[in-house]
Every structure is written in C-alpha cells, then in structure tokens.
Amino acid sequence: MKDKLLVNRSKQSKRDVLRSIYEKYRDSLLVLAIALSNDVNIAEDAVHDVFVAFAGALDKFKLTGSLKAYLTKCVANRVRDLMRAKRNRAKTFDPKQTLSADRNAVEPVSLIVCNEQLQLLSSALAQLPYEQREVIVLRIHGQMRFAAIGKSLGISVNTVKGRYRYGINKLRSILNSEI
C-alpha cells in the first residue's frame, strides 16, 4: 500500500518521492544485478536504466502488485539484455568491487570474515550456468515465488524448481570442495 502511495505521489511530479523510491530499492536491486551479471558496471547500468525508464513512463504506470517485484523483474531483464549485448566482451567478476555486506559492523575482523564469505559465494555463483544462477538469485535475493519466476522467464514452474534444485546442489558441491 505504501508503494502505491509513493507511485501516485511521484506521478504528481514530486521529485523527492521518486528519489525516495530510488533510495529504497537501489541497493537491493544493485546486489541482485551484480549477482546475475558478475559485473559491477553492467549491474549499475541495468539499475540506472530501469529507474530512468520507470521515471519516464511513470504517467502511464499502474502498480498492480509489489513495486519491488516489478523493479526486480525489470532489472533481471535489463541485465539479461546488457549481457547479450556485451557477450563478446565478457569481463570476469572483480571481487574487489563487491559491496560490503555490513557497513555498520564495529569489529574489523567481522568485516574481513564477511567479505571473504561474500567473495566465496560470488565465486561459487559465477561458476553456475546462467539459467540456474538467475533462478537462485531471483528466488533468494529477489524474494520471488517459483510461479512468478516462471512467468517472468516464460518457463514452467517445474523447470524453475529444477533449475533451483540443481543450482543449489551445485553450489553446495562447489562450496564444500572449497572448504
């Protein structure tokens, strides 16, 4: 309900409201895009492109569900488009450019451990086939249901569940071998 109110207010050309929507979802969508693309530049481009398009089409936009789910779907699609466009110039993931998981941590030791865990997980995710990585990230980080993922990707729910199951098993295998 709060998202519908924000969207309606931003339609009335209140820039602060549009900025608050951006600030509310920016970090979450950026992490999602990084996990999907393994490229910080593509991720940032995707998130910015989605918000620019969202702001441009706001007059015609009607929110029928969750704004976060809508923006998550848009970012995932934009990442897919950008990766297709840059397929020939694929870059490897640079763990130094990952986002810090806990900026408010008091102890430096906990930051180091958290950063190492993020790098390990990012590396393991990068080893998965894109289809499996996409389903896992949309399910866990995007908090989308299997049916919504299937509808978004144009595949059956059973295919989504299979990709998720195979991807999780492969992640376990990769992470167990590295430990």
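Let me start with a definition: a charge sits over a ring if NZ of Lys or CZ of Arg is within 6 Å of the ring centre and within 35 degrees of the ring normal. Arg165 meets it, lying over the face of Tyr166 at 5.2 Å from the ring centre. A second case is Arg139, which lies over the face of Phe146 at 4.3 Å from the ring centre. I will come back to Phe146.

First, the overall picture. What you have in front of you is a predicted model. The protein has 8 helices and 0 strands, so there is little to say about the pattern along the sequence, which reads α-α-α-α-α-α-α-α. Of its 179 residues, 36% count as buried. Take the contacts between residues at least 6 apart in sequence: 70% of them join residues at least 24 apart.Now the core. In soluble globular proteins, nonpolar side chains tend to be buried together. The largest nonpolar core here has 35 residues, and the ones that touch the most other members are Leu29, Leu67, Leu71 and Val75. Five elements are listed as giving two or more residues to this core: helix 2 (15-37), helix 3 (40-56), helix 4 (67-85), helix 6 (130-140) and helix 7 (146-153). Helix 2 gives the most, with 9 residues.

Val75 is a useful place to look. Leaving aside residues up to four places away in sequence, Val75 touches Leu29, Leu32, Ala33, Ala46, Val47 and Val50. There is also a second core, separate from this one, with 7 residues, among them Ala124, Ile136, Leu171 and Ile174.

Next, the link between helix 2 and helix 3. The loop between these two helices contains Asp39. Is Asp39 buried or exposed? Asp39 has a relative accessible area of 9%, under the 20% cut-off, and therefore counts as buried. The Asp39 side chain reaches the backbone nitrogen of Asn41, at 2.9 Å.

On to the aromatic rings. A pair of aromatic rings is described by the distance of the centres and the angle of the planes. The count for this model is 2 aromatic pairs. In one of them, the ring centres of Tyr22 and Phe51 are 4.8 Å apart and the planes stand at 80°, so this pair is edge-to-face. Tyr22 is in helix 2 and Phe51 in helix 3, 29 residues apart, and the pair links distant parts of the chain. How accessible are the two partners? Tyr22, at 22% relative accessibility, counts as partly exposed, and Phe51, at 9%, counts as buried.

The other pair is Phe146 with Tyr164, also edge-to-face, at 5.3 Å centre to centre and with 70° between the planes. This pair links distant parts of the chain as well: Phe146 belongs to helix 7 and Tyr164 to helix 8 (residues 157-178), 18 residues apart. Phe146 is buried, with a relative accessible area of 18%. This is the ring that has Arg139 over its face.

That brings us to helix 7. Which residues of helix 7 are buried? They are Phe146, Ile149, Gly150, Ser152 and Leu153. Seen down the helix axis, these buried residues fall within an arc of 165°, so they line one face of helix 7. They pack against helix 4, helix 6 and helix 8. After helix 7 comes Gly154, which has a positive phi, near 75°.

Helix 6 is one of those packing partners. Of the 11 residues in helix 6, 8 are buried, so this helix is largely enclosed by the rest of the structure. The buried residues are Tyr130, Gln132, Arg133, Glu134, Val135, Ile136, Val137 and Leu138. Ile136 has come up already, as a member of the second core.

Last, the loop just ahead of helix 6. Gln127 is found in the loop between helix 5 (108-126) and helix 6. At 45% relative accessibility, Gln127 counts as partly exposed. Which residues does Gln127 touch, not counting those up to four places away in sequence? The answer is Ile174 and Glu178. Ile174 is another member of the second core. Gln127 also lies 8.5 Å from Leu171, C-alpha to C-alpha, with their positions 44 residues apart in sequence.

To finish, two places to look at in the model. One is Val75, with its contacts to Leu29 and Val50, among others. The other is Phe146, which pairs with Tyr164 and has Arg139 over its face.

Technical notes
Residues numbered from 1 in each chain as written. Heavy atoms only, no water. Core = buried A, V, L, I, M, F, W, Y, C linked by side-chain atoms within 4.5 Å. Buried < 20%, exposed > 50% of the residue type's maximum accessible area, 1.4 Å probe, protein only. Helix = DSSP H or I, 4+ residues; strand = E, 2+ residues; numbered from the N terminus. Contact = heavy atoms within 4.5 Å. Polar contact = N/O pair within 3.5 Å; in protein donor to acceptor, adjacent residues only side chain to side chain. Phe/Tyr/Trp six-rings, centres within 6.5 Å; stacked < 30°, edge-to-face > 60°. Arc of directions from axis to C-beta.
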